[in-house]
Amino acid sequence: QMSQFAQVRRYVRWLYLGDRVQLVVAGLIVLNFFLNICDTQLQAVEGTVEYQVLEFADIIFGYVFTFELAVNLFGTLVHEFVKDPWNWFDLLVVGITILSQNVPGIPGISVLRLLRTFRVFRLFKRIPSLKQILICLQQSVPPMCNAFAIVCLVTCIYAIMAVTFFGTMRDDLFGDFFSSLFTMFQIMTGDQWGDITRELFAQAEVPALTAMFFVSYQLLVSFVLVNVVIAVLLDEFAKAASSAKGNSSGCLQLYVPGNPDDRCPLENVSRDLVNFTDLDDLENRVHFLFLRVVRAADISGGEAARMSETELYDGFLRMGTVPPILFESKSWDRYVVRHRLCDDSDTMGYREFLILIKQALRRYQLRELTSVMDGEAGGWSSRRVRCALATIKGMLVEEAQQARDFDAGNLVPNNEPGMTARPIRAAASKPLPVVLNALVTDMKRLHERFDQIESE
């Protein structure tokens, strides 16, 4: 049971982290960035109309971002807010903005106001694609530093030799180590390196040695080592991007990415029920959910109650889940009418509701397993293991359900399809040896598929 305050916080968090609000915040950040550009370009003098307009717009943006930070604090504080470094960055930028607007006489406040320009980096938090690029760069930079260290080491060696060879010829370029190091860096970039070397040719006793020195440096550093650094960066970036794609979802997803119409409206229910322990625990949870829906729909009768399409929709909606469960008419036709889970008066009871939830849970497990097998390659990640175990647990529950129905003398459960493609009713009409052979064949195929996944 959640308190009303906790429910409000959960609803605010759902709204704030939603795509629409994040896109609005991203748009405000872009507008504020263009405001900073206009402020820098116009260089408005204090007292002019341009200065007053820019100052007023800056104050408005300051209040807006302060309100946005307050909403973020209210919805995600404490643990979720603290563990995200982007939230600390938002807090720093907003704090400096408030300080600069209300206490303008602080020494150095004009320098701190420049941090407001970095507010545009908050787009990396709001737009997932930009955030993924930044994370991949962060993971690929450390391996690249090893290759870059070799470039720096070779450049320093050449800088030391250049001081010895050319220090007396061009004291301004090779007079000491740091001047020589900067000159070698300039030569590495190709900036006027021909003019520098040709002046040294005229003063050198052996121009060929001077040419060999600088040409070898160009070939070794500019054409080889710098490209090695870029190659290492791209390789590590590709690995980080592949790893981020495989681990982008910390929990199970309900549907394979594709047509939004394939999304099941019971995804939150399935996500909560996937952690059941056994068949009895699953049915107890579904029974409790059915009673909650009945009470929310204001229907009397308890477990014996029957719900129509409208009552089921109202029951799910009034439960107050975040996000809300919208079991609309198309969902009723697709998941209830098509599977014959309603009577002639278009109502369903607890037994049909139990089958509806079990089917949604089965779709959840199979689609998620398909998504993982099709979208990831190489290695057993934690997500792939969870999906495989969840599917195996679903198969064991199916077996327990069929064993219970067999003991009760009910070989054909109410409209509930099995895990295999063959309907139970068709299988029950065949001879027992044929059914057993088909079951053995299906199990062999399943084992072969798991062996293939394990070998990959």
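Which handedness does the crossing of α3 and α5 have? The crossing is left-handed. The model is predicted, and the results below describe its overall make-up, the packing around α3, and a set of individual residues.

The secondary structure of the protein chain comprises 20 helices and two strands. The chain has 456 residues, and 34% of them are buried. Among contacts with a separation of 6 or more, 62% join residues 24 or more positions apart. The exposed area of the chain is about 26900 Å². Carbon and sulfur atoms supply 63% of that area.

Helix α3 covers residues 49–76. Its packing was examined against α1, α2 and α5.

Helix α1 (residues 4–16) packs on α3 at an angle of about 130°. The two axes are 8 Å apart. Angles that are neither under 35 degrees, nor over 145, nor from 65 to 115 count as oblique, so α1 and α3 are oblique to each other. The crossing of α1 past α3 is left-handed. On the α1 side, the contact is made by Phe5, Val8, Arg9, Val12, Arg13 and Tyr16. On the α3 side, Glu68, Val71, Asn72, Phe74, Gly75 and Thr76 take part. Six of the contact residues are nonpolar, three are polar and three are charged.

Helix α2 (residues 19–42) meets α3 at an angle of about 155°, with the axes 11 Å apart. This angle makes α2 roughly antiparallel to α3, since the cut-off for that class is over 145 degrees. Here too the helix passes α3 in a left-handed crossing. The α2 face of the contact consists of Val25, Leu28, Ile29, Leu31, Asn32, Leu35, Cys38, Asp39 and Leu42. These residues meet Leu54, Ala57, Asp58, Phe61, Val64, Phe65 and Glu68 of α3. By class, the contact of α2 with α3 holds 12 nonpolar residues, one polar and three charged.

Helix α5 (residues 85–102) packs against α3 at about 140°, and the axes lie 10 Å apart. The pair α3 and α5 is therefore oblique. The crossing of these two helices is left-handed. From α3, the contact draws on Asp58, Ile59, Gly62, Phe65, Thr66, Leu69 and Asn72. From α5, the partners are Asn87, Asp90, Leu91, Val94, Thr97, Ile98 and Gln101. The contact of α3 with α5 divides into six nonpolar, six polar and two charged residues.

Several α3 residues recur in these contacts. Glu68 of α3 faces α1 and also meets α2. Asn72 of α3 takes part in the contact with α1 and in the contact with α5. Asp58 and Phe65 of α3 serve the contact with α2 and the contact with α5.

Single residues in other helices were then considered. Ser180 belongs to helix α10 (residues 177–189). Its relative accessibility is 0%, so Ser180 counts as buried. Leaving aside residues up to four places away in sequence, Ser180 touches Ala159, Ala162, Val163, Leu173 and Phe174.

Pro142 sits in helix α8 (residues 128–166). With a relative accessible area of 48%, Pro142 is partly exposed. Pro142 and Leu233 are separated by 91 residues in sequence. In space, their C-alpha atoms are 9.2 Å apart.

Phe288 is part of helix α14 (residues 279–296). Phe288 has a relative accessibility of 48% and counts as partly exposed. Glu303 is 15 residues from Phe288 in sequence. The C-alpha to C-alpha distance of this pair is 9.5 Å.

Two aspartates have positive phi values. For Asp298, phi is near 60°. Asp298 lies in the loop between α14 and β1 (307–308). Its relative accessibility of 68% means that Asp298 counts as exposed. For Asp346, phi is about 60°, again positive in a residue that is not a glycine. Asp346 occupies the loop between α16 (329–337) and β2 (347–348). At 41% relative accessibility, Asp346 is classed as partly exposed.

Technical notes
Residues numbered from 1 in each chain as written. Predicted model: local features only at pLDDT ≥ 70, side-chain atom pairs only at ≥ 80, totals over all residues. Heavy atoms only, no water. Axes fitted to C-alpha atoms, helices over the stretch in contact; angles between N-to-C directions. Helix = DSSP H or I, 4+ residues; strand = E, 2+ residues; numbered from the N terminus. Left-handed = near helix turned anticlockwise from the far one by under 90°. Contact = heavy atoms within 4.5 Å. Nonpolar A, V, L, I, M, F, W, Y, C, P; charged D, E, K, R; others polar. Buried < 20%, exposed > 50% of the residue type's maximum accessible area, 1.4 Å probe, protein only. Areas by Shrake-Rupley, 256 points an atom, 1.4 Å probe, with all protein chains shown as cover.
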